[in-house]
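The paragraphs below lead through a protein model, beginning with the confidence of the prediction and ending at one site on the surface. Please keep the sequence and the structure in view while reading.

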Amino acid sequence: REPLLDPQQSAGLQERLTSHAAELQGQLPELLLRSDSPHDAIRSWLADKDLSHWWPQSQGGTADQGWQFETASWNRSRGAEVMNPAEIARAHADGGLDALLAPGVPADMAAHGVEAALIAASIALAWHLIRQRHSWVQASGAGKQRILRAAIQAAGLSALSGASMSLVVSLALALIPGGQIWLMGTTLVSLARLLPGPGERAFDLRYWPRATGSIACQGKTVGVGSSVR
C-alpha cells in the first residue's frame, strides 16, 4: 500500500548508472526504495559503493554482461580479475546488510514491526472473543477470567508472529533480488495459512500442519476397512 520510489527519481543513482551505461535489474536493495527518506537512504548507501563489472572493463567487459554494486575497497583490491559467483553473492549480501542501516531504514522497519504486531494481535483477540461469545455470557466470574486470559495470550503470541513476519519481509526486501515478487508469493501463502482453523485453534499456525493433515486423512482407508485417524 506504500508508494515505492521510482529509482529514476534519484539523481545520484541515475548519474552512476548513466556513466556505466547500466540498467537496474535487482542490484539495488528494494528496502531503500521503501524507506521514509529514500533519497537520503540511497545517497548514503551509494557513498561507499562501486559499480563493479562482472567482466573487467580492461578486458572489454560491459554492464550488459553483468554488474553489481560492491563495497569500493573490495572492487579495487580485485583489480582486473573477473568476479566469480562467490564474490557476486558476497557483494549482494553485503549491500543488503548495509541497506538495513541506511538513514531512515531502521526506524521504518521498527514502525512496520509495531504496526504488524498490533494488527495481528487485534485480529487474534477479536477472533478469540467472537468464538467465545456464548461461553462468555454463560461463564461465571472465574470462567470469564480464564477466557480473557486465553484471549490475551493468543493476542500476545500473534503480536510476536506479526512482528517477526515484518522483520522477515524487510530482510527479504534487502537481501533477495526482486524482493517484491517474493513478498507477493509469501503474502498469498500466509493468508491461506491464517484462515480460521478447526476448533479453538484458529490462527494457531503451529497447529495447522497437523490439523490440515488430519483433515485430509479423515475418511480415507488403508487396506480393508481400517480408517486413518
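This is a predicted model, and the pLDDT of the protein averages 80, with 76% of the residues scoring at least 70. Confidence is below 50 over residues 211-229, a stretch that makes 9 contacts in the model beyond its near neighbours in sequence.

As to secondary structure, the protein has 10 helices and 4 strands, and these follow one another along the sequence in the pattern α-α-α-β-β-α-α-α-α-α-α-α-β-β. Turning from the order of the elements to the contacts, one finds that, among those with a separation of 6 or more, 57% join residues that lie 24 or more positions apart. Of the 229 residues of the protein, 34% count as buried, while the accessible surface comes to about 13800 Å², with 61% of that area belonging to carbon and sulfur atoms.

Which residues form a nonpolar patch on the surface? The patch consists of Leu125, Leu129, Trp136, Val137, Leu148 and Ile152, which together have about 520 Å² of accessible area. Three helices each give two or more residues to this nonpolar patch, namely α6 (105-131), α7 (133-138) and α8 (141-175).

Within the patch, Trp136 deserves a separate look, and its place is in helix α7. Is Trp136 buried or exposed, or partly exposed? The relative accessible area of Trp136 is 33%, and because buried means under 20% and exposed means over 50%, Trp136 is classed as partly exposed.

Conventions
Residues are numbered from 1 along each chain as its sequence is written. This is a predicted model: local features need pLDDT of at least 70, side-chain atom pairs count only at pLDDT 80 or more; totals for chains, interfaces and linings use all residues. Side-chain values use heavy atoms; hydrogens and water are left out. pLDDT is the predictor's confidence in each residue, from 0 to 100. Contact means heavy atoms within 4.5 Å. Patches are made of residues with over 30% relative accessible area and no salt bridge: like charges are joined within 9 Å, nonpolar side chains (Val, Leu, Ile, Met, Phe, Trp, Tyr) within 5 Å. Accessible areas come from the Shrake-Rupley method with a 1.4 Å probe; for residues, only the protein chains shown count as cover. A salt bridge is a side-chain nitrogen of Lys or Arg within 4 Å of a carboxyl oxygen of Asp or Glu. Buried means under 20% relative accessible area, exposed over 50%, partly exposed in between (1.4 Å probe, protein chains only).
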